[in-house]
Each structure stands twice: as structure tokens, then as C-alpha cells.
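Trainee: Could you pick one part of this structure for a close look, and then take me through some other regions in the same style?

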Amino acid sequence: MAAYDIDRYLNIRSAYGVSVGPDGDELSFLMDTTGTPQVWTLDGPREWPQQRTFADERVTFASWSPERPELIFGMDEGGNERAQLFRLDAETGAIENLTAMPDAKHRWGGWSHDGERFAFTSNRRDEAVFDVYVQHRDEHGNDATRLHEGDGWLSLAGWSPDDSRLLVSQAYSNFDQDLYVLDLETTELEHLTPHEGDVRYQSASWAPDGDGIYLVTDHGDADTLSLAYLDIASGELETVVADEWNVDGIALDDETGRFVYSQNVEGYTELTVGEFSADDPTAFEEFPAPDLPGGVSGGVSFGPDAERFALSTTGDTVNTNVFVVDIESGNAERWTDAPTAGIPRETFDESELVHVESFDGLDVPGFFALPDDRSASAESSDGAGETPVIVDIHGGPESQRRPSFSSVKQYFLDRGYAYFEPNVRGSAGYGADYAALDDVENRMDSVADIKACVEWLQDHPAVDPDRIVAKGGSYGGFMVLASLTTYPELWAAGIDIVGIANFVTFLENTGDWRRELREAEYGSLAEDREFLAEISPTNNIEDIAAPLFVLHGENDPRVPVGEAEQIADRAGEQGVPVRKLVFDDEGHGFSKLENRIEAYSAIADFLDEHV
């Protein structure tokens, strides 16, 4: 039995989403002390923070004005992802709804440098597409000016240094994007990245002179993302940094040319800090990298003159906190003190990076953690291991498990479970070729990777081979269901959270704005319907043998709740033990503390009963 119950673990806090205020002495961040993420501010390291928003709903981001004591934050309702933009006056505490169109999504595009205007994209006109808007800080709702009517998934990457243009990104899939420049006076859109095939153009930032763009790209059939400079006038793309590992992104101060870029090295973050040359946009001076706890860092926000920057950092045994770094020395100071609910930090368990050979010889990485009282040689008298294992499969599918803090993971480790987090083929972080190995007709090869991982676990001396659990959310929920129906003999139980049960009904019912992006990964209803039906767990449910727990949010706009209903009903018809839990005030995942406590308490009870 765990030393602490799930309530305690889920009360471990995270401080993240940092934004530095205009004077450089105050920063905002998000923290979930009240049960949902809210805006907090802080004006010194480890000082007492001030809560600024008090909503029952989650805040998704907050961004300080560059000139005034005010910030804009985003918040949706009941997990429906239709975020509205609100302005918070930091001096009076007054909050105004700037968009006030609850049926539309609003995607933040940043403040102008003078703090007079802000930009965003929204699907107000047509639910399936996003248009570009600019709005004065004192305007509301319909006062916003629509500058460009989009024909797909548009987002904004920031204002030019002179505030005359916006950098626009259009996504066709996770591995194919285009960049454009939108002139605010003429509303003309200039295409910067014409290309054929799938090419990623991501994390774009304006150069200080406004003549070029820094970005990460796999242009030229590269397997991994490199840092590059794009000259707007000539269209020439020059490589700045190329490596065997992805450059995940760059944060750039467009007044000084100072930057922080991150590389993803087998899931661990490596930061480079520097300043670009004014004479050669591909040359830079490098500063000392900060020494930060944990293995994963990001979310950089620069202070005035880019003398310092703030970011958040986390690790297996390090809950997320905000640090401020002196850019020239690399000295890092922790500013937030997100508590661990009285649980000693030294009791958290570290994971180990491991590699598993799959059915075709492919090397599949993953993170494996054993409870601290179970050594690698812990065996029962008959030679078999005694430790049950939860195989937790990430969503995406073009996502990646990284060694960041998870209170749920630590709770189950405390309860005596080992924890295995595979990055099967199709995962991001290991190159474009690896990410494409599960596309469309190769979908089930990634499920076969899970089988290989389970066989690796069964051979581990500490593991009980008869007590292995599949758990996953979203696309990871599909992987759970597909693993249970394809390899039923491997599993003691399955936990499906907001998962896809039938690709045909999922694509038919997902949000209009997402369908084209998802079809690019899974296959289209027009061309691949038969195959999508063939691999859908609901159509293979007669093979399921393990007890199944299905959890979902009623307001889920990505994977509609009907996916949970049909898999629970059909699994129950097969005579296997099934439990279903649907939250009427949640969407794609569980953001409210009371719901998370109920969900994971129920999961723990379910596993106690069946595993």
C-alpha cells in the first residue's frame, strides 16, 4: 500500500507557463494550487506569490504586455478548447473578456511591441478554418479586425520588429507546414516556404532587422530538425545548427538577437544560449548554458534587453518550477516553490532510459522505473519477478515520453508498480523516418512494438510477467485497446483514457478544424475507410480478454465521448469486466483536481481488484 494516497500526490504542484513583465522584476506563471491552473505573479525569487485569477476553469496561457502592467490570458469552459482571451489589469485586478465569442476557438498570436494591439487566429467565420485577426487592447468581441481569411489550420508566430507584419504558419500535418508574412497595411500574404512533399517549418522567430526569419526545419529531406535562417527577400535558407538530434525550437529576442535553443537528445533537453551576430545571421556568440535540475526544460520568456530569461524545468524526481537565468553568466536561480504536498522529494523514483529490439530489429527507446524497494534482481522463490508493471503509452501519435515529473506515475510507483513508458515507432524526437514508420497502413506495427516491450518486461527479473497493465490516453488509448484486442494473452488489465476506439467514427465526429490534420496521419475516410475499420478495436473486440476501464470527458472536442461508449458497450458484451467513468465537466483529459482524484482513485481500485 502506498505511503501517501492519491489526493496527496495530485496535490503536488507545478509552476510553468512563465511570462516576464515589462519591468523585468515581475513574472507571471501558471500553477494549479486551487485544483485548476490559474495565473499567479511573483516579484522576487522564492517570495510569496500572488494569485491573480480565481476561475473554476483552467487557464491555458498568460502573456504580459511589453509596455503596461497588464496581461492577456486564455481560458476555455469545461475542457471544450474554445479558448477566450481575457485581459487582466495587474494593478486593479480587473478582468475583461476581450473576445466574448464562446462558440469559437481563439489561438494567441502575441502582443505588438508597443503593447497597443494583439493578434490571434480564430475559427469564428467557419469552424473548419482559422482566420487572422488584430485587435486593439481596448476593443472587444466584434471590434477585432479580420485581416486574412484562411483555408486551413493557421497560427501566428509573432509581430515583425516594426509591427508592420505578422508571421503566419499553416499546418497541413505535424510534419508539413508553410510560413507566410502578412502585411498589415495591404493585407497581402507572402509565401516564404514553397515546397513539395512534407517539410517542417516550425518555431519561427523574426530576426532583429526584420529581414529574415530563424526557424527549425527538416528542409532538404533531412531526417532531423535543424536551426536555419531564412532570408525573406531572396528566399535563401541557410543552416545555422545541424545535428543528429532535433533542434526542438528557438526562443529569440528580436531587439538584441539573444536566443535560447533546445535540442532533444533521447528525450532529454540540452540548451544552447547565445547572441546572433549583427553582420552574419548564421554566426553567433555562445554563452554558458545554465545548470538546471531535471532533464526537461522549456517555455523561455526574455526580460527587458534580454539580460535574463525565465523558463520552467522538470525531471522524473523534480516537480516543475520556474527558474530565472542570467544570460551572460548562465547562473540560474529558482523563483517558484511549487510544493510537493509534504511528500519528501527524495522518495520520488528515477526512470532509466532503455532500448528494446522490436519484431523487425527496430530499436525502440523507453523509460523504465522500478519502485525504490524493488531491485533489478527481486525474484520470488520460483524465480519469477513479483513486481506488477504499468505500460503507459503516450498519445499523439507524434508525441514523445520524456523524463518529466508525473505525480500519477510516482503514486503508482509508491503503490509497488513498476512503470514503463515506451516511445514506439511513430513517436517524435527520433527523426522524421522514425515518426513515419506507423503511418496509415503501418499503424499496427507500432502495436507490435508494444508486444516487444512487454516481452522485454516479461524477461526482466523483477517483473511479474502475469501482471502487466496497458494504460494510455487519446491516441495512447487506441494503443491500449489495440494491444488488448491484438495480443490479449499479454495483459492483466487495460486503462483507456479519452481513447480512439474506432477510427471511422472518430474521424467522422472529431472537430471540423482537426479532421484534415488527423487524416494526414491516420488515413482518410475517402481513401482508407476499409483499412481504418479493419484495425479499429471495436471491430476486433471479440478477442479482448483483460478487464477494461474506460474514462472520458463529456465535452471532448478531439475524441468524442461516443468512442468511450461504444468500446465499453461492446467489451461488456464479450463478458469481460468493464467499468466506464465519464465526467460531464471535462474535455480531452481531466483538468479539475476533484475529477483527477476521482479518476485515479477509481483506477487504483480497479487495478487492486484485477491485478
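**A strand between two hairpins**

Mentor: Let's start with one residue pair: Asn264 has Thr269 in β23 as its bridge partner. Keep in mind that this is a predicted model, in which local features need pLDDT of at least 70 and side-chain atom pairs count only at pLDDT 80 or more, while totals for chains, interfaces and linings use all residues. Residues are numbered from 1 along each chain as its sequence is written, and side-chain values use heavy atoms, with hydrogens and water left out.

β22 (residues 258-265) and β23 (residues 268-276) run antiparallel and are joined by eight bridges. Strands here are DSSP runs of E with at least two residues, helices are runs of H or I with at least four, and both are numbered from the N terminus; two strands pair if DSSP finds at least two bridges between them. The hairpin of β22 and β23 has two residues between the strands, and Glu266 in its turn has a positive phi of about 50°. β22 also pairs with β21 (residues 246-252), in the antiparallel sense over six bridges, with Ile250 facing Tyr261 of β22 as its bridge partner. That hairpin has five residues between β21 and β22, and Gly257 in the turn has a positive phi of about 80°. Seven of the eight residues of β22 are buried, so this strand is largely enclosed by the rest of the structure. Buried means under 20% relative accessible area, exposed means over 50%, and partly exposed lies in between (1.4 Å probe, protein chains only).

Now for some aromatic rings. The structure holds 32 aromatic pairs, counted when ring centres of Phe, Tyr or Trp (its six-membered ring) lie within 6.5 Å; planes under 30 degrees apart are stacked, over 60 edge-to-face, and the rest tilted. One of them is the tilted pair Tyr214 and Tyr229, at 5.0 Å centre to centre with 55° between the planes. Tyr214 belongs to β18 (residues 212-217) and Tyr229 to β19 (residues 226-231), so the pair ties together parts that are 15 residues apart in sequence. Both tyrosines, Tyr214 and Tyr229, are buried. Elsewhere, ring pairs join Phe61, Trp108, Trp111, Phe118, Phe120 and Tyr133 into a cluster. Arg124 lies over the face of Tyr133, 5.0 Å from the ring centre, and Arg107 lies over the face of Phe130 at 5.6 Å. For this, NZ of Lys or CZ of Arg must be within 6 Å of the ring centre and within 35 degrees of the ring normal.

Next, the nonpolar cores, each a set of buried Ala, Val, Leu, Ile, Met, Phe, Trp, Tyr and Cys residues joined through side-chain atoms within 4.5 Å. The largest has 56 residues, of which Phe420, Trp491 and Phe503 touch the most other members. Setting aside residues up to four places away in sequence, Phe503 touches Tyr475, Phe478, Tyr522, Leu532, Ile535 and Ser536, with contact meaning heavy atoms within 4.5 Å. Apart from this core lies another, of 37 residues, among them Ile497, Leu551, Leu581 and Ile603.

Finally, a loop residue: Asn539 sits between α8 (525-535) and β35 (548-553) and is partly exposed, with a relative accessible area of 35%. Beyond its neighbours within four places in sequence, Asn539 contacts Asn502, Ala533 and Arg570. Asn502 is 37 residues away along the chain, with 7.8 Å between the C-alpha atoms of Asn539 and Asn502.
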